[in-house]
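Please look through the structure below before reading on. The report that follows begins with a single residue and then widens to the whole chain.

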Amino acid sequence: MKQIRTRFAPSPTGYMHVGNLRTALYAYLTAKHEGGRFVLRIEDTDQGRRVSDALDVIYTTLRETSLHWDEGPDIGGDVGPYIQSERLAIYQTYGRQLIESGHAYRCFCTEERLKQLREAQMTQGEAVGNYDGCCRQLAAEEIAAQLSEHTPYVIRQKMPQQGVSAFEDVVYGRIAIENSVLEDQILLKSDGFPTYNFANVVDDHLMGITHVIRGSEYLSSTPKYNLLYQAFGWEAPVYMHCPPVMKDARQKLSKRNGDASYQDLLAQGYLSAAVVNYLLLLGWSPKGEEEIFTLPEMIEIWSLANLSKSPAIFDPAKLRAINAAHIRGLTEGEFYRIAQPWIDQAVSGSIDRRLLCQNLQPRCEILSDIPARIDFFDRLPDYALDLYTNKKQKTTPESALQALKAIQPLIMAQAEWNRDDLVGALEQLAARLDKKNGWLMYPLGIALAGKTGTPGGGTDLAIIMGKETTSERIRLAIERLENG
(Lines give C-alpha, C1' and ligand atoms only; values in the text may rest on other atoms or scores of the structure.)
Protein backbone atom coordinates (compact mmCIF):
# COMPACT_ATOMS: atom_id res chain seq x y z
CA MET A 1 0.00 0.00 0.00
CA LYS A 2 1.32 3.43 -0.95
CA GLN A 3 2.33 5.58 2.01
CA ILE A 4 -0.06 8.48 2.56
CA ARG A 5 1.56 11.87 2.08
CA THR A 6 -0.30 15.11 2.74
CA ARG A 7 0.86 18.71 2.65
CA PHE A 8 0.07 22.06 4.13
CA ALA A 9 0.96 24.80 1.66
CA PRO A 10 0.34 28.25 3.16
CA SER A 11 1.19 31.57 1.57
CA PRO A 12 3.51 33.76 3.68
CA THR A 13 1.03 36.59 4.30
CA GLY A 14 1.82 37.34 7.94
CA TYR A 15 -0.91 35.67 9.99
CA MET A 16 -2.61 32.30 10.32
CA HIS A 17 -6.30 32.36 9.46
CA VAL A 18 -8.27 29.80 11.46
CA GLY A 19 -9.52 28.24 8.21
CA ASN A 20 -5.94 27.70 7.07
CA LEU A 21 -5.01 26.20 10.41
CA ARG A 22 -7.98 23.84 10.18
CA THR A 23 -6.71 22.73 6.75
CA ALA A 24 -3.29 22.06 8.27
CA LEU A 25 -4.90 20.06 11.08
CA TYR A 26 -6.98 17.91 8.74
CA ALA A 27 -3.96 17.26 6.50
CA TYR A 28 -1.84 16.35 9.52
CA LEU A 29 -4.47 13.99 10.94
CA THR A 30 -5.05 12.31 7.57
CA ALA A 31 -1.36 11.49 7.31
CA LYS A 32 -0.69 10.57 10.92
CA HIS A 33 -3.78 8.38 11.35
CA GLU A 34 -2.33 6.10 8.66
CA GLY A 35 1.33 6.43 9.69
CA GLY A 36 2.07 8.71 6.74
CA ARG A 37 4.10 11.88 6.27
CA PHE A 38 3.06 15.51 6.61
CA VAL A 39 4.85 17.98 4.34
CA LEU A 40 5.15 21.74 4.78
CA ARG A 41 5.47 23.69 1.53
CA ILE A 42 5.54 27.48 1.20
CA GLU A 43 3.58 28.81 -1.78
CA ASP A 44 5.07 32.24 -2.35
CA THR A 45 4.52 32.71 -6.07
CA ASP A 46 2.43 35.82 -5.36
CA GLN A 47 5.38 37.96 -4.32
CA GLY A 48 3.20 41.04 -3.83
CA ARG A 49 1.46 39.47 -0.81
CA ARG A 50 4.61 38.23 0.90
CA VAL A 51 5.29 39.57 4.41
CA SER A 52 8.87 39.57 5.69
CA ASP A 53 8.33 37.64 8.94
CA ALA A 54 5.52 35.43 7.67
CA LEU A 55 7.65 32.28 7.59
CA ASP A 56 8.33 32.66 11.30
CA VAL A 57 4.57 33.02 11.92
CA ILE A 58 3.92 29.77 10.04
CA TYR A 59 6.68 27.86 11.83
CA THR A 60 5.68 29.20 15.25
CA THR A 61 1.99 28.44 14.75
CA LEU A 62 2.56 24.86 13.65
CA ARG A 63 5.00 24.23 16.49
CA GLU A 64 2.66 25.74 19.08
CA THR A 65 -0.16 23.52 17.84
CA SER A 66 2.17 20.47 17.70
CA LEU A 67 1.48 19.95 13.98
CA HIS A 68 5.07 18.93 13.39
CA TRP A 69 6.03 18.45 9.76
CA ASP A 70 8.21 15.62 8.46
CA GLU A 71 9.62 17.56 5.53
CA GLY A 72 9.83 21.28 4.89
CA PRO A 73 11.94 24.34 4.14
CA ASP A 74 13.75 24.36 7.46
CA ILE A 75 14.40 20.63 7.86
CA GLY A 76 14.68 19.56 4.21
CA GLY A 77 13.64 16.28 2.69
CA ASP A 78 14.10 14.20 -0.45
CA VAL A 79 11.81 16.23 -2.74
CA GLY A 80 12.80 19.85 -2.02
CA PRO A 81 13.18 22.72 -2.33
CA TYR A 82 10.01 23.29 -0.30
CA ILE A 83 9.63 26.99 -1.16
CA GLN A 84 8.07 27.63 -4.57
CA SER A 85 10.18 30.66 -5.42
CA GLU A 86 13.19 28.33 -5.25
CA ARG A 87 11.65 25.95 -7.81
CA LEU A 88 11.24 28.29 -10.80
CA ALA A 89 13.49 26.24 -13.10
CA ILE A 90 11.33 23.18 -12.41
CA TYR A 91 8.16 24.98 -13.49
CA GLN A 92 9.86 26.29 -16.63
CA THR A 93 10.83 22.76 -17.59
CA TYR A 94 7.31 21.40 -17.18
CA GLY A 95 5.80 24.41 -18.91
CA ARG A 96 7.90 23.74 -22.01
CA GLN A 97 6.94 20.07 -21.82
CA LEU A 98 3.26 20.98 -22.04
CA ILE A 99 3.88 23.22 -25.05
CA GLU A 100 5.73 20.41 -26.82
CA SER A 101 2.92 17.93 -26.10
CA GLY A 102 0.28 20.37 -27.38
CA HIS A 103 -1.41 20.90 -24.00
CA ALA A 104 -0.25 24.50 -23.59
CA TYR A 105 0.76 27.46 -25.75
CA ARG A 106 2.58 30.77 -25.61
CA CYS A 107 0.34 33.80 -25.39
CA PHE A 108 1.84 37.11 -26.56
CA CYS A 109 -1.23 39.25 -25.86
CA THR A 110 -0.36 42.59 -24.27
CA GLU A 111 -2.01 44.05 -21.21
CA GLU A 112 -3.56 46.66 -23.48
CA ARG A 113 -5.24 44.01 -25.61
CA LEU A 114 -6.49 42.12 -22.57
CA LYS A 115 -7.89 45.35 -21.15
CA GLN A 116 -9.75 46.01 -24.41
CA LEU A 117 -11.05 42.43 -24.34
CA ARG A 118 -12.44 42.91 -20.82
CA GLU A 119 -14.11 46.19 -21.82
CA ALA A 120 -15.70 44.53 -24.86
CA GLN A 121 -16.95 41.67 -22.70
CA MET A 122 -18.53 44.14 -20.29
CA THR A 123 -20.22 45.95 -23.16
CA GLN A 124 -21.58 42.72 -24.63
CA GLY A 125 -22.65 41.28 -21.27
CA GLU A 126 -20.24 38.35 -21.47
CA ALA A 127 -18.24 36.76 -18.66
CA VAL A 128 -15.56 39.35 -17.93
CA GLY A 129 -11.96 38.15 -17.78
CA ASN A 130 -12.24 34.95 -19.81
CA TYR A 131 -9.46 34.77 -22.36
CA ASP A 132 -10.70 34.49 -25.95
CA GLY A 133 -7.99 32.10 -27.23
CA CYS A 134 -6.40 34.65 -29.56
CA CYS A 135 -2.95 33.01 -29.45
CA ARG A 136 -4.22 29.44 -29.22
CA GLN A 137 -3.64 28.62 -32.90
CA LEU A 138 -0.68 30.85 -33.79
CA ALA A 139 1.40 29.54 -36.67
CA ALA A 140 4.88 28.27 -35.87
CA GLU A 141 6.41 31.04 -37.98
CA GLU A 142 4.62 33.77 -36.02
CA ILE A 143 5.63 32.23 -32.71
CA ALA A 144 9.25 32.06 -33.87
CA ALA A 145 9.11 35.70 -34.96
CA GLN A 146 7.75 36.84 -31.63
CA LEU A 147 10.41 34.87 -29.78
CA SER A 148 13.18 36.31 -31.95
CA GLU A 149 12.01 39.79 -30.99
CA HIS A 150 11.96 38.78 -27.30
CA THR A 151 8.28 39.61 -27.02
CA PRO A 152 7.07 38.90 -23.47
CA TYR A 153 4.65 36.00 -23.21
CA VAL A 154 2.77 33.83 -20.75
CA ILE A 155 2.12 30.12 -21.06
CA ARG A 156 -1.54 29.16 -21.11
CA GLN A 157 -3.15 25.77 -20.64
CA LYS A 158 -4.96 24.57 -23.77
CA MET A 159 -8.32 23.44 -22.43
CA PRO A 160 -10.47 20.91 -24.31
CA GLN A 161 -13.46 22.69 -25.82
CA GLN A 162 -15.84 19.74 -25.71
CA GLY A 163 -16.82 17.06 -23.22
CA VAL A 164 -16.92 17.03 -19.44
CA SER A 165 -14.20 16.95 -16.78
CA ALA A 166 -15.21 15.15 -13.58
CA PHE A 167 -13.62 13.94 -10.38
CA GLU A 168 -14.62 12.32 -7.09
CA ASP A 169 -14.24 14.31 -3.90
CA VAL A 170 -14.22 12.62 -0.48
CA VAL A 171 -16.63 15.22 0.93
CA TYR A 172 -18.74 16.42 -2.01
CA GLY A 173 -18.87 13.30 -4.17
CA ARG A 174 -18.78 13.54 -7.96
CA ILE A 175 -18.10 17.00 -9.38
CA ALA A 176 -18.47 17.52 -13.14
CA ILE A 177 -17.86 20.65 -15.22
CA GLU A 178 -18.40 21.25 -18.93
CA ASN A 179 -15.03 21.79 -20.59
CA SER A 180 -16.48 24.58 -22.69
CA VAL A 181 -16.66 26.85 -19.62
CA LEU A 182 -13.01 26.33 -18.66
CA GLU A 183 -10.75 29.24 -19.53
CA ASP A 184 -7.28 28.74 -20.99
CA GLN A 185 -5.68 29.65 -17.69
CA ILE A 186 -2.18 31.07 -17.35
CA LEU A 187 0.34 28.54 -16.10
CA LEU A 188 3.53 30.60 -16.23
CA LYS A 189 3.61 34.40 -16.09
CA SER A 190 5.90 36.58 -18.18
CA ASP A 191 8.21 37.11 -15.20
CA GLY A 192 8.89 33.38 -15.01
CA PHE A 193 6.79 32.79 -11.91
CA PRO A 194 4.11 30.09 -12.06
CA THR A 195 0.50 30.68 -11.15
CA TYR A 196 -0.84 28.95 -8.06
CA ASN A 197 -2.75 26.38 -10.11
CA PHE A 198 0.26 25.22 -12.09
CA ALA A 199 2.84 25.17 -9.30
CA ASN A 200 0.34 23.36 -7.11
CA VAL A 201 -0.03 20.45 -9.51
CA VAL A 202 3.66 20.14 -10.35
CA ASP A 203 4.71 20.26 -6.71
CA ASP A 204 2.05 17.84 -5.49
CA HIS A 205 3.14 15.30 -8.07
CA LEU A 206 6.88 15.68 -7.58
CA MET A 207 6.48 15.59 -3.81
CA GLY A 208 4.37 12.44 -3.97
CA ILE A 209 1.30 13.97 -2.34
CA THR A 210 -1.41 11.31 -2.22
CA HIS A 211 -4.21 13.27 -0.52
CA VAL A 212 -4.94 16.95 -1.17
CA ILE A 213 -6.91 18.67 1.61
CA ARG A 214 -8.05 22.24 0.95
CA GLY A 215 -11.02 24.59 1.13
CA SER A 216 -14.17 24.12 -0.93
CA GLU A 217 -13.41 27.35 -2.85
CA TYR A 218 -11.02 25.23 -4.94
CA LEU A 219 -13.71 22.79 -6.08
CA SER A 220 -14.33 24.66 -9.33
CA SER A 221 -10.60 24.76 -10.12
CA THR A 222 -9.97 21.07 -9.57
CA PRO A 223 -11.03 19.97 -13.09
CA LYS A 224 -8.27 22.26 -14.41
CA TYR A 225 -5.80 20.54 -12.12
CA ASN A 226 -6.92 17.13 -13.29
CA LEU A 227 -6.52 18.12 -16.94
CA LEU A 228 -2.91 18.99 -16.13
CA TYR A 229 -2.43 15.61 -14.44
CA GLN A 230 -3.84 13.96 -17.56
CA ALA A 231 -1.63 16.04 -19.85
CA PHE A 232 1.47 14.91 -17.98
CA GLY A 233 0.26 11.32 -17.66
CA TRP A 234 0.34 11.55 -13.86
CA GLU A 235 -1.99 9.96 -11.30
CA ALA A 236 -4.23 12.52 -9.62
CA PRO A 237 -4.37 12.57 -5.81
CA VAL A 238 -7.37 11.91 -3.60
CA TYR A 239 -9.25 15.19 -3.11
CA MET A 240 -10.84 16.32 0.12
CA HIS A 241 -12.44 19.76 0.00
CA CYS A 242 -13.47 21.21 3.37
CA PRO A 243 -16.59 23.34 3.90
CA PRO A 244 -16.01 27.04 4.53
CA VAL A 245 -15.71 28.44 8.05
CA MET A 246 -18.45 31.04 8.38
CA LYS A 247 -18.90 34.00 10.70
CA ASP A 248 -22.66 33.57 10.35
CA ALA A 249 -25.11 32.13 7.83
CA ARG A 250 -24.02 34.65 5.17
CA GLN A 251 -20.48 35.84 5.85
CA LYS A 252 -17.28 33.85 5.66
CA LEU A 253 -14.83 34.24 8.49
CA SER A 254 -12.25 36.77 7.32
CA LYS A 255 -9.34 38.64 8.88
CA ARG A 256 -10.25 41.57 6.61
CA ASN A 257 -13.59 41.81 8.42
CA GLY A 258 -11.91 41.91 11.81
CA ASP A 259 -12.35 38.22 12.60
CA ALA A 260 -9.75 36.60 14.81
CA SER A 261 -6.69 34.84 13.47
CA TYR A 262 -4.94 32.10 15.43
CA GLN A 263 -2.54 34.69 16.85
CA ASP A 264 -5.48 36.89 17.89
CA LEU A 265 -7.10 34.00 19.75
CA LEU A 266 -3.92 33.32 21.70
CA ALA A 267 -3.68 37.02 22.56
CA GLN A 268 -7.26 36.85 23.85
CA GLY A 269 -6.30 34.09 26.27
CA TYR A 270 -7.26 30.91 24.45
CA LEU A 271 -5.02 27.87 24.75
CA SER A 272 -3.43 26.55 21.59
CA ALA A 273 -4.66 23.01 22.33
CA ALA A 274 -8.22 24.29 22.79
CA VAL A 275 -8.15 26.19 19.48
CA VAL A 276 -6.97 23.04 17.69
CA ASN A 277 -9.67 20.98 19.45
CA TYR A 278 -12.34 23.46 18.35
CA LEU A 279 -11.07 23.59 14.76
CA LEU A 280 -11.34 19.80 14.60
CA LEU A 281 -15.10 20.15 15.13
CA LEU A 282 -15.58 22.83 12.44
CA GLY A 283 -16.60 20.47 9.66
CA TRP A 284 -15.94 17.12 11.34
CA SER A 285 -17.95 15.17 13.91
CA PRO A 286 -16.82 12.49 16.36
CA LYS A 287 -18.86 9.32 16.62
CA GLY A 288 -19.79 9.69 20.28
CA GLU A 289 -20.80 12.55 22.55
CA GLU A 290 -17.26 13.45 23.69
CA GLU A 291 -15.84 16.62 22.11
CA ILE A 292 -12.76 17.35 24.21
CA PHE A 293 -9.67 15.77 22.66
CA THR A 294 -5.90 15.97 22.83
CA LEU A 295 -3.96 15.82 19.56
CA PRO A 296 -2.93 12.16 20.07
CA GLU A 297 -6.60 11.32 20.65
CA MET A 298 -7.54 13.17 17.46
CA ILE A 299 -5.03 11.10 15.49
CA GLU A 300 -6.55 7.93 16.93
CA ILE A 301 -10.21 8.74 16.15
CA TRP A 302 -9.73 10.59 12.83
CA SER A 303 -11.83 9.35 9.93
CA LEU A 304 -12.50 10.96 6.56
CA ALA A 305 -16.01 9.51 6.71
CA ASN A 306 -16.96 11.97 9.46
CA LEU A 307 -16.39 15.07 7.36
CA SER A 308 -19.36 17.33 6.61
CA LYS A 309 -20.12 19.29 3.46
CA SER A 310 -22.20 21.88 5.34
CA PRO A 311 -20.59 25.25 6.13
CA ALA A 312 -19.23 25.46 9.67
CA ILE A 313 -20.32 28.44 11.79
CA PHE A 314 -17.60 29.77 14.08
CA ASP A 315 -19.20 29.82 17.53
CA PRO A 316 -17.21 31.85 20.10
CA ALA A 317 -19.32 30.48 22.96
CA LYS A 318 -18.43 26.90 22.08
CA LEU A 319 -14.76 27.80 21.69
CA ARG A 320 -14.88 29.39 25.15
CA ALA A 321 -16.45 26.24 26.63
CA ILE A 322 -13.83 24.00 25.01
CA ASN A 323 -11.09 26.31 26.25
CA ALA A 324 -12.49 26.10 29.79
CA ALA A 325 -12.38 22.31 29.61
CA HIS A 326 -8.75 22.37 28.50
CA ILE A 327 -7.84 24.80 31.30
CA ARG A 328 -9.42 22.41 33.82
CA GLY A 329 -7.36 19.61 32.31
CA LEU A 330 -4.04 21.35 33.00
CA THR A 331 -1.91 20.38 35.97
CA GLU A 332 -1.68 22.96 38.75
CA GLY A 333 1.88 23.69 37.69
CA GLU A 334 0.94 24.22 34.04
CA PHE A 335 -1.88 26.59 34.92
CA TYR A 336 0.31 28.48 37.39
CA ARG A 337 2.92 29.05 34.67
CA ILE A 338 0.57 30.30 31.95
CA ALA A 339 -1.54 32.41 34.34
CA GLN A 340 1.34 34.53 35.62
CA PRO A 341 1.46 37.08 32.75
CA TRP A 342 -2.29 37.67 33.14
CA ILE A 343 -2.01 38.02 36.93
CA ASP A 344 0.82 40.52 36.44
CA GLN A 345 -1.52 42.74 34.43
CA ALA A 346 -3.70 43.32 37.51
CA VAL A 347 -1.61 42.62 40.61
CA SER A 348 1.66 44.24 41.64
CA GLY A 349 1.52 43.58 45.39
CA SER A 350 2.57 40.46 47.27
CA ILE A 351 -0.08 37.73 47.33
CA ASP A 352 -0.19 33.95 47.58
CA ARG A 353 -0.19 33.20 43.86
CA ARG A 354 -0.27 29.44 44.30
CA LEU A 355 -3.54 29.55 46.21
CA LEU A 356 -4.90 32.18 43.84
CA CYS A 357 -4.24 29.89 40.86
CA GLN A 358 -5.83 26.93 42.65
CA ASN A 359 -8.97 29.03 42.97
CA LEU A 360 -8.78 30.54 39.48
CA GLN A 361 -8.29 27.33 37.49
CA PRO A 362 -11.74 25.77 38.00
CA ARG A 363 -13.43 29.15 37.43
CA CYS A 364 -11.44 30.39 34.44
CA GLU A 365 -12.77 30.03 30.88
CA ILE A 366 -10.20 32.12 29.00
CA LEU A 367 -7.01 33.58 30.43
CA SER A 368 -7.95 37.15 29.54
CA ASP A 369 -10.77 36.90 32.11
CA ILE A 370 -8.19 36.82 34.89
CA PRO A 371 -7.18 40.51 35.24
CA ALA A 372 -10.75 41.78 35.69
CA ARG A 373 -11.47 39.10 38.29
CA ILE A 374 -8.47 39.86 40.51
CA ASP A 375 -7.91 43.62 40.15
CA PHE A 376 -9.30 44.16 43.68
CA PHE A 377 -6.12 42.73 45.23
CA ASP A 378 -4.24 45.93 44.39
CA ARG A 379 -7.11 48.38 44.78
CA LEU A 380 -10.42 47.90 46.58
CA PRO A 381 -13.21 49.14 44.30
CA ASP A 382 -15.79 51.67 45.47
CA TYR A 383 -18.82 49.43 46.04
CA ALA A 384 -22.43 49.95 47.14
CA LEU A 385 -23.38 48.70 50.58
CA ASP A 386 -26.39 46.82 49.23
CA LEU A 387 -23.85 44.35 47.85
CA TYR A 388 -23.87 42.86 51.35
CA THR A 389 -27.50 41.81 50.85
CA ASN A 390 -27.77 38.12 49.98
CA LYS A 391 -31.09 36.32 50.41
CA LYS A 392 -29.56 32.85 50.24
CA GLN A 393 -27.06 33.61 53.02
CA LYS A 394 -29.63 35.76 54.87
CA THR A 395 -27.31 38.74 55.06
CA THR A 396 -27.97 42.48 55.00
CA PRO A 397 -25.70 45.51 55.54
CA GLU A 398 -26.80 45.48 59.18
CA SER A 399 -25.99 41.80 59.69
CA ALA A 400 -22.73 42.25 57.76
CA LEU A 401 -21.64 44.88 60.26
CA GLN A 402 -22.29 42.44 63.12
CA ALA A 403 -20.44 39.67 61.32
CA LEU A 404 -17.37 41.74 60.47
CA LYS A 405 -17.11 43.11 64.01
CA ALA A 406 -17.11 39.53 65.25
CA ILE A 407 -14.51 38.49 62.66
CA GLN A 408 -12.12 41.40 63.27
CA PRO A 409 -10.60 40.24 66.60
CA LEU A 410 -10.50 36.65 65.36
CA ILE A 411 -8.34 37.74 62.42
CA MET A 412 -5.97 39.64 64.71
CA ALA A 413 -5.69 36.61 67.00
CA GLN A 414 -4.55 34.16 64.29
CA ALA A 415 -1.00 33.09 65.14
CA GLU A 416 -0.60 30.95 62.01
CA TRP A 417 -1.87 32.40 58.75
CA ASN A 418 -3.13 29.40 56.81
CA ARG A 419 -6.40 28.33 55.30
CA ASP A 420 -7.22 25.38 57.59
CA ASP A 421 -6.73 27.35 60.80
CA LEU A 422 -8.73 30.33 59.52
CA VAL A 423 -11.62 28.20 58.27
CA GLY A 424 -11.72 26.29 61.54
CA ALA A 425 -11.76 29.48 63.59
CA LEU A 426 -14.54 31.03 61.50
CA GLU A 427 -16.67 27.89 61.68
CA GLN A 428 -16.30 27.81 65.46
CA LEU A 429 -17.29 31.48 65.58
CA ALA A 430 -20.41 30.82 63.49
CA ALA A 431 -21.38 27.98 65.83
CA ARG A 432 -20.98 30.19 68.92
CA LEU A 433 -23.16 32.85 67.28
CA ASP A 434 -25.67 30.19 66.21
CA LYS A 435 -25.35 31.29 62.58
CA LYS A 436 -24.74 29.52 59.27
CA ASN A 437 -21.17 29.68 57.99
CA GLY A 438 -22.31 31.80 55.03
CA TRP A 439 -23.61 34.48 57.40
CA LEU A 440 -19.95 35.17 58.23
CA MET A 441 -18.19 34.14 55.02
CA TYR A 442 -20.27 36.16 52.56
CA PRO A 443 -19.72 39.56 54.23
CA LEU A 444 -16.03 38.72 54.61
CA GLY A 445 -15.73 38.17 50.86
CA ILE A 446 -17.46 41.48 50.06
CA ALA A 447 -15.30 43.35 52.55
CA LEU A 448 -12.12 41.97 51.02
CA ALA A 449 -13.02 42.22 47.32
CA GLY A 450 -15.76 44.83 47.03
CA LYS A 451 -17.51 42.66 44.44
CA THR A 452 -18.91 39.20 43.76
CA GLY A 453 -17.64 36.66 41.25
CA THR A 454 -14.21 36.44 42.86
CA PRO A 455 -11.78 33.51 42.55
CA GLY A 456 -12.66 31.91 45.86
CA GLY A 457 -14.60 32.72 49.01
CA GLY A 458 -13.71 35.07 51.82
CA THR A 459 -11.32 32.73 53.66
CA ASP A 460 -9.28 31.98 50.52
CA LEU A 461 -9.17 35.66 49.61
CA ALA A 462 -7.91 36.43 53.11
CA ILE A 463 -5.11 33.89 52.87
CA ILE A 464 -4.20 35.03 49.33
CA MET A 465 -3.92 38.73 50.25
CA GLY A 466 -2.35 38.23 53.69
CA LYS A 467 -3.24 39.03 57.28
CA GLU A 468 -2.29 42.72 57.18
CA THR A 469 -4.37 43.58 54.09
CA THR A 470 -7.25 41.45 55.36
CA SER A 471 -7.33 43.29 58.68
CA GLU A 472 -7.20 46.68 57.00
CA ARG A 473 -10.03 45.89 54.59
CA ILE A 474 -12.25 44.58 57.39
CA ARG A 475 -11.58 47.82 59.29
CA LEU A 476 -12.53 49.89 56.23
CA ALA A 477 -15.68 47.82 55.69
CA ILE A 478 -16.82 48.28 59.30
CA GLU A 479 -16.20 52.03 58.99
CA ARG A 480 -18.25 52.25 55.79
CA LEU A 481 -21.11 50.21 57.22
CA GLU A 482 -21.20 52.28 60.40
CA ASN A 483 -21.31 55.51 58.37
CA GLY A 484 -24.05 54.13 56.13
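Apart from its neighbours within four places in sequence, Y153 is in contact with R106, C107, F108, L147, K189 and S190, where contact means that heavy atoms lie within 4.5 Å. Y153 is found in the loop between α5 and β4, and at 29% relative accessibility it counts as partly exposed. On this scale buried means under 20% relative accessible area, exposed means over 50%, and partly exposed lies in between, with a 1.4 Å probe and protein chains only. The C-alpha atoms of Y153 and L304 are 43 Å apart in space, and the two residues are 151 residues apart in sequence.

This is a predicted model, in which local features need pLDDT of at least 70 and side-chain atom pairs count only at pLDDT 80 or more, while totals for chains, interfaces and linings use all residues. Residues are numbered from 1 along each chain as its sequence is written, and side-chain values use heavy atoms, with hydrogens and water left out.

The chain has 19 helices and 11 strands; these are DSSP runs numbered from the N terminus, with helices (H or I) of at least four residues and strands (E) of at least two. Its radius of gyration is 32 Å, whereas a compact globule of 484 residues would have one near 23 Å; the radius is taken over C-alpha atoms, and the globule rule is 2.2 Å times the number of residues to the power 0.38. Along the principal axes, the C-alpha atoms fill a box of roughly 110 × 55 × 35 Å. Buried residues make up 50% of the 484 residues, and among contacts with a separation of 6 or more, 74% join residues that are 24 or more positions apart.

Is helix α6 (residues 196–206) largely enclosed or open, and why? It is largely enclosed by the rest of the structure, because 8 of its 11 residues are buried. The buried residues are N197, F198, A199, N200, V201, V202, D203 and D204, and what covers them includes β1 (5–8), α3 (88–101), β7 (186–188), β8 (211–215) and α7 (222–232). Just after α6, G208 takes a positive phi of about 70 degrees.

Q361 also lies in a loop, the one between α13 (353–360) and α14 (370–374), and with a relative accessible area of 8% Q361 is buried. A polar atom of the Q361 side chain lies 2.9 Å from the backbone oxygen of L330. Leaving aside neighbours within four places in sequence, the contacts of Q361 are I327, R328, L330, T331, E332 and F335.

Some backbone angles deserve a separate look. Most residues other than glycine have a negative phi, and most peptide bonds are trans. The table lists two residues other than glycine with a positive phi.

| Residue | Phi | Loop | Relative accessible area |
|---|---|---|---|
| H150 | near 60 degrees | between α5 (140–148) and β4 (154–157) | 70%, exposed |
| D434 | near 60 degrees | between α16 (419–432) and α17 (437–449) | 69%, exposed |

A cis peptide bond, with omega about 0 degrees, joins G80 and P81, and P81 is in the loop between α2 (54–64) and α3.

Conventions. A polar contact is a pair of N or O atoms within 3.5 Å; within protein, one must be able to donate a hydrogen and the other to accept it, and residues adjacent in sequence count only if both atoms are side-chain atoms.
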